[in-house]
Number of protein chains: 2
Amino acid sequence: MRILIVDDEPELVEQLGRLLQEQKYDVEKALDGEAALDKLFDHSFDLILLDIMLPKKDGFEVLKIIRGEGIRTPVLMLTAKGDVDDKIKGLDQGADDYLAKPFSMPELLARIRALFRRVAEHGDPVLGTKGLQLNTVTREVIGASGPIRLTPKEFSILEFLLYNRDRVVSRFNLAEHVWGEDFDPFTMSNYIDVHLKNLRHKIGDGEGTIIRTIRGVGYIIDEDGR
Amino acid sequence: MRILIVDDEPELVEQLGRLLQEQKYDVEKALDGEAALDKLFDHSFDLILLDIMLPKKDGFEVLKIIRGEGIRTPVLMLTAKGDVDDKIKGLDQGADDYLAKPFSMPELLARIRALFRRVAEHGDPVLGTKGLQLNTVTREVIGASGPIRLTPKEFSILEFLLYNRDRVVSRFNLAEHVWGEDFDPFTMSNYIDVHLKNLRHKIGDGEGTIIRTIRGVGYIIDEDGR
DNA sequence: TCATACCCTTCATGTTTTCTTCATGTTCAC
DNA sequence: GTGAACATGAAGAAAACATGAAGGGTATGA
C-alpha cells in the first residue's frame, strides 16, 4: 500500500513517515503542493494525506487538480484548526475523510485503516503479471511454481515495479521509493543492482524477461514484453 | 477477547466490566458516543456492547459511523425499553443482536457467548491447528501431550494468531490486540518476542513450525506449513 | 504483615537473516 | 576495440529475531 504524505512541517512528515513505514506502508513525502502534484502525476498511490495549508499550491487546489485529472485516489485531509468550513469545502471537492490537527497517531492509523478497508471492498490488493502474483496486504508472492519468499527490500522493489507496470522506472525512483530518507543519490555502491539480481533469481527471471532492463533508463515490467 | 462497553450509567458499566473481566474478557469502557468512537478508532475490539441512549452521539449514530468506516466488529445493542422499533432500526444498521434492559447477567453472558460462537463460524468456541486446541470460553489449551497452562498474555497471543490463521500478523497488530490501550508503539523493549518465546516453548514449538516467523513482516500460524 | 508464587517486563547476549560493499565479469552502443 | 552501464559472487556489517536470567509488581494465603 502506497501513501503520499503532503505537509509543510518536515518534522511531522518525518514522524508520520516513520510510523507508517513501521506499519509496512510504502511512504512518499512532499512538502508543498507542486511537489505533491509531481509525485501524483508520476506514480500511483493508494492514499493521500493532504494538509490544507501548503506553500505554492494549497490542499484544496491540489485536490481539485487531481480530481480534475481523473485521479480517484482516496484523500484524507488534514486541517490545522478543526475548522468546519474547511471540512465541508474539502469533502465537497472530493476528499474522503478529514482529520483535525493535532491528532493522535492511533487516531490517524485507525482512519487510514478504515479508508483502506473501504477501498479493499472495491479493488483487490493483488498485483500481478505473467505467472506472478503479489498481495500487498498479506505480503505473499506466488510464482509459477509456488510461493516465493522475498526479503523486505526485494518485496518493496517488486511491488514498486508492479505498481508502475508498463512504465519505465529509473533506478533513482526505485531507490528513492525503497530506501526513502536513507537514500543517498551520490553513493557509488550498487546495492540496487544486487537486490535486483537476487529478486530476479528468486522469481525465476534469469533472462530478464519479466523485469526487463532498459539500458541507460531503468527497469520495466510490461505485459506484452515486446 | 476484547470487549468495549458503551453505556452512560457508570454503575452498570462498572458491574458489567467486573463480570466480564471475571470471565477473562479484556474490557474497555466508554460513557458516551464520542468516547466510544475514540476508542473504536484507536483500537480493535472483538465485541461492542452498545447502549442506544447515549450523550453526545447515540448508539445508532455510533453504529452507523463505524459501519461506514468498515469496522465490522460484532455489536450487541442494549435498549432501555425493549422497544421493537429500536430493535429493527439497530439490526438494519448492522447490529448483530440486541438485548432489552433490564437484563440478567447470565442472559447477557449467553448472548455474548452466542455471538462469539457465531463469529467463530464453527459453532463452537474451539480454535485449533496441528495438535493444538484452544477453547475461547473455558480458556483451556490442549496440546499434543495434554493440557497446557498459559499465562493471560500468552493465551491472548495464541488466540489472536489462531483467530487470524493463514494470515500474517504483524507484531504491531499483535501488540495492539493483546495490550490494547497500554501499547506504546515506540517502546524499545522486546516483550513481544519474550512472550512469543515462552509461548512457543509451552506449546512445544521449539523449531517455530507451528508459529512461523516471517522475517521483516510478522508471525503466522498456517495449516499447510509450506 | 510477611512470605510465596506467579506473571510481566527489562536487559544483556547469542543466533540467523538480510543488506551493503567490493572486486570482477559481461554486455551493448559507439 | 573501448568505455559506460549493468550483472554476478562472495564476504563482512548491520538488522531482526531468539534466548536466558534477573528484578519488580501484584495477588494469595499463612
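A residue is near a DNA strand if its C-beta atom, placed from the backbone, lies within 6 Å of that strand. Keep that cut-off handy for the first two exercises, and remember that this is a predicted model.

**Exercise 1. The surface near DNA strand C**

Task: Work out how many residues surround DNA strand C, which are the closest, and which helices supply at least two residues each.

Solution:
- Step 1. Apply the 6 Å cut-off to strand C, and you get 23 residues around it.
- Step 2. Pick out the closest ones. From chain A these are A:Thr151, A:Lys153 and A:Ser189, and from chain B they are B:Thr151 and B:Ser189.
- Step 3. Look for the elements behind this surface. Helices α6 and α8 of chain A, along with α6 and α8 of chain B, each supply at least two residues.
- Step 4. Sort the residues by class: 11 are polar, 6 are nonpolar and 6 are charged.

**Exercise 2. The surface near DNA strand D**

Task: Do the same for DNA strand D: how many residues surround it, and which are the closest?

Solution:
- Step 1. Strand D has 20 residues around it.
- Step 2. The closest are A:Asp193, A:Lys197 and A:Thr213 from chain A, plus B:Lys197 and B:Thr213 from chain B.
- Step 3. As for the elements, α8 of chain A and α8 of chain B are the ones giving two or more residues to this surface.
- Step 4. The class count here comes to 8 charged, 8 polar and 4 nonpolar residues.

**Exercise 3. Helix α6 of chain A**

Task: Compare the reach of helix α6 of chain A with the expected value, then decide how many of its residues are buried.

Solution:
- Step 1. The helix runs over residues 152-163, which is 12 residues.
- Step 2. From first C-alpha to last, α6 of chain A reaches 16 Å, close to the 16 Å expected at 1.5 Å a residue.
- Step 3. Now for burial, where the cut-off is 20 or more other C-beta atoms within 10 Å. The residues of α6 that pass are A:Glu154, A:Phe155, A:Ser156, A:Ile157, A:Leu158, A:Glu159, A:Phe160, A:Leu161 and A:Tyr163.
- Step 4. With 9 of its 12 residues buried, α6 of chain A is largely enclosed by the rest of the structure.

**Exercise 4. How α2 and α3 pack**

Task: Describe the packing of α2 against α3 in chain A, and then in chain B.

Solution:
- Step 1. Two packed helices are described by the angle between their axes and the distance between the axes.
- Step 2. In chain A, α2 (residues 33-42) meets α3 (residues 59-68) at an angle of about 25°, and the axes are 10 Å apart.
- Step 3. That angle makes α2 of chain A roughly parallel to α3 of chain A, because angles under 35 degrees count that way. The crossing of this pair is right-handed.
- Step 4. Over in chain B, α2 (33-42) and α3 (59-68) pack at about 25° with axes 10 Å apart. These two are therefore roughly parallel to each other, and they cross in a right-handed sense.

**Exercise 5. Two residues with positive phi**

Task: Find where A:Lys56 and A:Asp166 sit, and say what phi each one has.

Solution:
- Step 1. A:Lys56 is in the loop between β3 (47-51) and α3 of chain A. Although A:Lys56 is not a glycine, its phi is positive, about 70°.
- Step 2. A:Lys56 has 14 other C-beta atoms within 10 Å, so it is partly exposed.
- Step 3. A:Asp166 is in the loop between α6 and α7 (171-179) of chain A. Its phi is also positive, near 65°.
- Step 4. A:Asp166 has 10 C-beta neighbours inside 10 Å, so it counts as exposed.

**Exercise 6. Buried, partly exposed or exposed?**

Task: Classify A:Gly216, A:Asp96 and A:Ile148, and give a C-alpha distance for each.

Solution:
- Step 1. A:Gly216, in the loop between β10 (212-214) and β11 (218-220) of chain A, has 6 C-beta neighbours inside 10 Å and so counts as exposed. Its C-alpha is 8.9 Å from that of A:Ser170, 46 residues apart along the chain.
- Step 2. A:Asp96, in the loop between α4 (84-92) and β5 (97-100) of chain A, has 19 other C-beta atoms within 10 Å, so it is partly exposed. The C-alpha atoms of A:Asp96 and A:Leu115 are separated by 8.0 Å.
- Step 3. A:Ile148, in strand β9 of chain A, has 20 C-beta neighbours inside 10 Å, so it counts as buried. From C-alpha to C-alpha, A:Ile148 and A:Gln133 are 9.9 Å apart.

Note on methods:
Residues are numbered from 1 along each chain as its sequence is written. Chains are lettered from A and ligands numbered from 1 in the order in which they are written. This is a predicted model: local features need pLDDT of at least 70, side-chain atom pairs count only at pLDDT 80 or more; totals for chains, interfaces and linings use all residues. Helices (H or I, at least four residues) and strands (E, at least two) are DSSP runs, numbered from the N terminus. The expected span of a helix is 1.5 Å times one less than its number of residues. Ala, Val, Leu, Ile, Met, Phe, Trp, Tyr, Cys and Pro count as nonpolar, Asp, Glu, Lys and Arg as charged, and the others, Gly among them, as polar. Axes are lines fitted to C-alpha atoms, for helices over the stretch in contact, and angles run from 0 to 180 degrees between N-to-C directions. Angles under 35 degrees count as roughly parallel, over 145 as roughly antiparallel, 65 to 115 as roughly perpendicular and the rest as oblique. A crossing is left-handed if the near helix is turned anticlockwise from the far one by less than a right angle, and right-handed if clockwise.
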